[in-house]
Amino acid sequence: MSFPENFLWGGATAANQCEGAYQEGGRGLANVDVCPQGKDRFPVATGRMKMLRPDDGHYYPAMEAIDMYVPSL
């Protein structure tokens, strides 16, 4: 398979995929940090379930991002 000569590649990420770094450099919690994977994800994301801090019973994918966060100096 070949691509046309003028074919352009692209890519994208979401801020929470890059940021990570929970509690680094004074960052603190963001709403995406407490949105767990699994059955509680939709209720938390839609505000039907309150989750104000992470707990040991859930996995939080946004907390394991690529840590591209740069604190203000």
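1. Let's start with Asp-33. Leaving aside residues up to four places away in sequence, Asp-33 touches Tyr-22, Arg-27, Gly-28, Tyr-60, Ala-62 and Met-63. Please keep in mind as you read on that this is a predicted model. Where does Asp-33 lie? You will find Asp-33 in the loop between α1 and α2.

2. Is Asp-33 buried or exposed? Its relative accessibility is 1%, so Asp-33 counts as buried, the cut-off being under 20%. The side chain of Asp-33 also has a polar atom that lies 2.8 Å from the backbone nitrogen of Ala-30. Try finding that pair of atoms in the viewer.

3. Now look at Leu-29. Leu-29 lies in the loop between α1 (15-19) and α2 (41-45). With a relative accessible area of 39%, Leu-29 is partly exposed. Which residues does Leu-29 touch, not counting residues up to four places away in sequence? They are Tyr-22, Val-34, Leu-52, Arg-53, Pro-54 and Met-63. One of these partners, Arg-53, is worth a second look: Leu-29 and Arg-53 are 24 residues apart along the chain, and their C-alpha atoms are separated by 7.9 Å. Tyr-22 and Met-63 appear in the list for Leu-29, and Tyr-22 and Met-63 are also touched by Asp-33.

4. Next, the aromatic rings. A pair of aromatic rings is described by the distance of the centres and the angle of the planes. The count here comes to 3 aromatic pairs. In one of them, Phe-3 and Phe-7, the ring centres are 4.6 Å apart and the planes meet at 35 degrees, so the pair is tilted. Phe-7 also pairs with Trp-9, and this pair is edge-to-face, with 5.1 Å from centre to centre and 80 degrees between the planes. Taken together, ring pairs link Phe-3, Phe-7 and Trp-9 into a cluster.

5. How open to the outside are these rings? Phe-3 is partly exposed, at 42% relative accessible area, and Phe-7 is partly exposed as well, at 36%. Trp-9 has a relative accessible area of 68%, so Trp-9 counts as exposed, the cut-off being over 50%. As for position, Phe-7 is found in the segment before α1. Met-1 joins Phe-3, Phe-7 and Trp-9 in a nonpolar patch on the surface, and together these residues have about 590 Å² of accessible area.

6. What about charged partners? Side chains of opposite charge can pair when their charged atoms come close. How many salt bridges does the structure hold? There is 1 salt bridge. Lys-39 forms a salt bridge with Asp-40, and their closest N and O atoms are 3.4 Å apart. The two residues make a nice contrast: Lys-39 is exposed, with a relative accessible area of 73%, whereas Asp-40 counts as buried at 12% relative accessibility.

7. Finally, step back to the whole chain. The protein chain has 2 helices and 0 strands. Of its 73 residues, 19% count as buried. The chain exposes about 6,000 Å², and carbon and sulfur atoms supply 54% of that area. Among contacts with a separation of 6 or more, 53% come from residues 24 or more positions apart. The contact between Leu-29 and Arg-53 is one you have already met, with its 24 residues along the chain.

Conventions. Residues are numbered from 1 along each chain as its sequence is written. This is a predicted model: local features need pLDDT of at least 70, side-chain atom pairs count only at pLDDT 80 or more; totals for chains, interfaces and linings use all residues. Side-chain values use heavy atoms; hydrogens and water are left out. Rings of Phe, Tyr and Trp (its six-membered ring) pair if their centres lie within 6.5 Å; planes under 30 degrees apart count as stacked, over 60 as edge-to-face and the rest as tilted. Buried means under 20% relative accessible area, exposed over 50%, partly exposed in between (1.4 Å probe, protein chains only). Helices (H or I, at least four residues) and strands (E, at least two) are DSSP runs, numbered from the N terminus. Contact means heavy atoms within 4.5 Å. Patches are made of residues with over 30% relative accessible area and no salt bridge: like charges are joined within 9 Å, nonpolar side chains (Val, Leu, Ile, Met, Phe, Trp, Tyr) within 5 Å. Accessible areas come from the Shrake-Rupley method with a 1.4 Å probe; for residues, only the protein chains shown count as cover. A salt bridge is a side-chain nitrogen of Lys or Arg within 4 Å of a carboxyl oxygen of Asp or Glu. A polar contact is a pair of N or O atoms within 3.5 Å; within protein, one must be able to donate a hydrogen and the other to accept it, and residues adjacent in sequence count only if both atoms are side-chain atoms.
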